[in-house]
Amino acid sequence: MKRNYSDFAEDIPAYSGPKAARETYADLKQLSAILGHIYTRSELQILPGQQRFSKMPWLVPMLELLPPTSIGYLKEWGLSTVFVLAKNYNKLVHVWESVTAMAELWHPQTNSFIFLEFEATILLEELEIMFGLPHYQMGEEFAISYTVDQINSWSILAYITTKKNDLYSMTSGMHVHLLPIAQWITSQCKRKTTNYTAIAKAAAICICGVILFPEADGAISFGNLSIIDSISEGIKIGQAVLGFLYAGLTSAALGGPFYGSVIALELWMGMHIQFRAVEDLTTECKTMLNHRLAYVGGRLHISPRAWCKTAQVKGIQAWRQYLRSLIVADFDMRPRFMNGRTIHLP
């Protein structure tokens, strides 16, 4: 149903000057005033849902069996960085104290982190650079159209297998389980089949499910399955990945379970808050070598020669104090990791 502007214009309050705007914004920044927000829950040690991000012992052995042709398809679809992160998944250690302290600063209405004297958020352009995903071009948004249709998970998975027993084991409720898909890939690789495209599509579901769309323990929703399936058709998924993370941060900030790409959040924190790239260091930063930034290549070209500003920050209380007192000077607005790239917003 279409409505004319005049039908609801009277509901829009008149702008009453910059002073009122500043006062309104000051009220908006009061996270403690948001009903159910975890900002005031000082007893909270970890985010609800953290246990879902468990190790996936089946992931790395499966990826090591992938034939070169299937890996080539993953690279062609823009998943090179996601593939590298997945291959090193067992080496990644999440610092949940820092993630929890960040979630406590998330504002559900502005989709941004509220710091002492400024606010910041993860930009789509940053996420696409961090993960090496195909990126949107300026003006391209007007050519994008979306069709809402019922998602048939079996029709998507049928490209991988048509055996009903396999399909039943891969799905339950409104979720797709990644372990049975990984087992199917392992079986195909060990039998040395030439079904390279199907293997690549199945591998894309696994690595994107773990790195970009983690939700339930070892499972993804039908909606995210459909998004991952569209990668091979050239559809850009950066918006979906970022939107899913925003939703997960909002859920956590309001006391619900956290979901979304915790790796994306940690990469962003690493670039802007934790590390500062320098040229005069003679030794490599050991903290950097164990951070997920060390496994990101492509357009970022990360160097381990960096200074870790948060090396002495340990525990949830220390992270709370550090982040809640963070000033603009300590937030790297133009990280050297971006190699001089400037993100221009419309």
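In helix α6 of this predicted model, the residues W96, S98, V99, T100, A101, M102 and A103 are buried. Helix α6 is thus a mostly covered element, with seven of its eight residues buried. The partners against which these buried residues pack are strands β1 and β2 together with helices α13 (238–253), α14 (262–274) and α16.

The packing of α6 (residues 96–103) on α16 (residues 316–324) was examined further. The two helices pack at an angle of about 45°, and their axes lie 8 Å apart. Angles from 35 to 65 degrees fall outside the roughly parallel and roughly perpendicular classes, and α6 and α16 are therefore oblique to each other. Their crossing is right-handed. On the α6 side the contact is made by E97, S98, T100, A101 and M102, and on the α16 side by I316, W319, R320 and L323. Sorted by class, this contact of α6 with α16 comprises five nonpolar, two polar and two charged residues. Of the contributors from α6, S98, T100, A101 and M102 are also among the buried residues of that helix.

A second helix pair is formed by α4 (residues 68–76) and α11 (residues 196–211), which pack at an angle of about 55° with their axes 8 Å apart. This angle makes α4 oblique to α11. The crossing of α4 past α11 is right-handed. From α4, the residues T69, S70, Y73 and L74 take part, and they meet Y196, T197, I199, A200, A203, A204 and I207 of α11. The contact of α4 with α11 contains eight nonpolar and three polar residues, and no charged ones. In general, an α-helix has 3.6 residues a turn, so residues three or four places apart point the same way.

Strands β1 and β2, against which buried residues of α6 pack, belong to an open sheet of three strands. The order in this sheet is β1-β2-β3, and the pairing is antiparallel. Strands β1 (106–107) and β3 (119–120) stand at the edges with a single partner strand each, so one side of each has no neighbour in the sheet. Strand β2 (residues 112–114) pairs with β3 in the antiparallel sense over two bridges. In this pairing, I114 stands opposite E119 of β3.

The loop between β1 and β2 contains N111. This residue has a positive phi of about 50° although it is not a glycine. Most residues other than glycine have a negative phi. With a relative accessibility of 26%, N111 counts as partly exposed. A positive phi, of about 55°, is also found at K192, again a residue that is not a glycine. K192 is located in the loop between α10 (178–190) and α11, and α11 is the helix that packs on α4. Because its relative accessibility is 70%, K192 counts as exposed.

One further residue, N224, was considered for its surroundings. N224 lies in helix α12 (residues 222–229). Its relative accessibility is 6%, so N224 counts as buried. When neighbours within four places in sequence are left aside, N224 is in contact with F213, E215 and F244.

Note on methods. Residues numbered from 1 in each chain as written. Predicted model: local features only at pLDDT ≥ 70, side-chain atom pairs only at ≥ 80, totals over all residues. Heavy atoms only, no water. Pairing = 2+ DSSP bridges. Helix = DSSP H or I, 4+ residues; strand = E, 2+ residues; numbered from the N terminus. Axes fitted to C-alpha atoms, helices over the stretch in contact; angles between N-to-C directions. Parallel < 35°, antiparallel > 145°, perpendicular 65-115°, else oblique. Left-handed = near helix turned anticlockwise from the far one by under 90°. Contact = heavy atoms within 4.5 Å. Nonpolar A, V, L, I, M, F, W, Y, C, P; charged D, E, K, R; others polar. Buried < 20%, exposed > 50% of the residue type's maximum accessible area, 1.4 Å probe, protein only.
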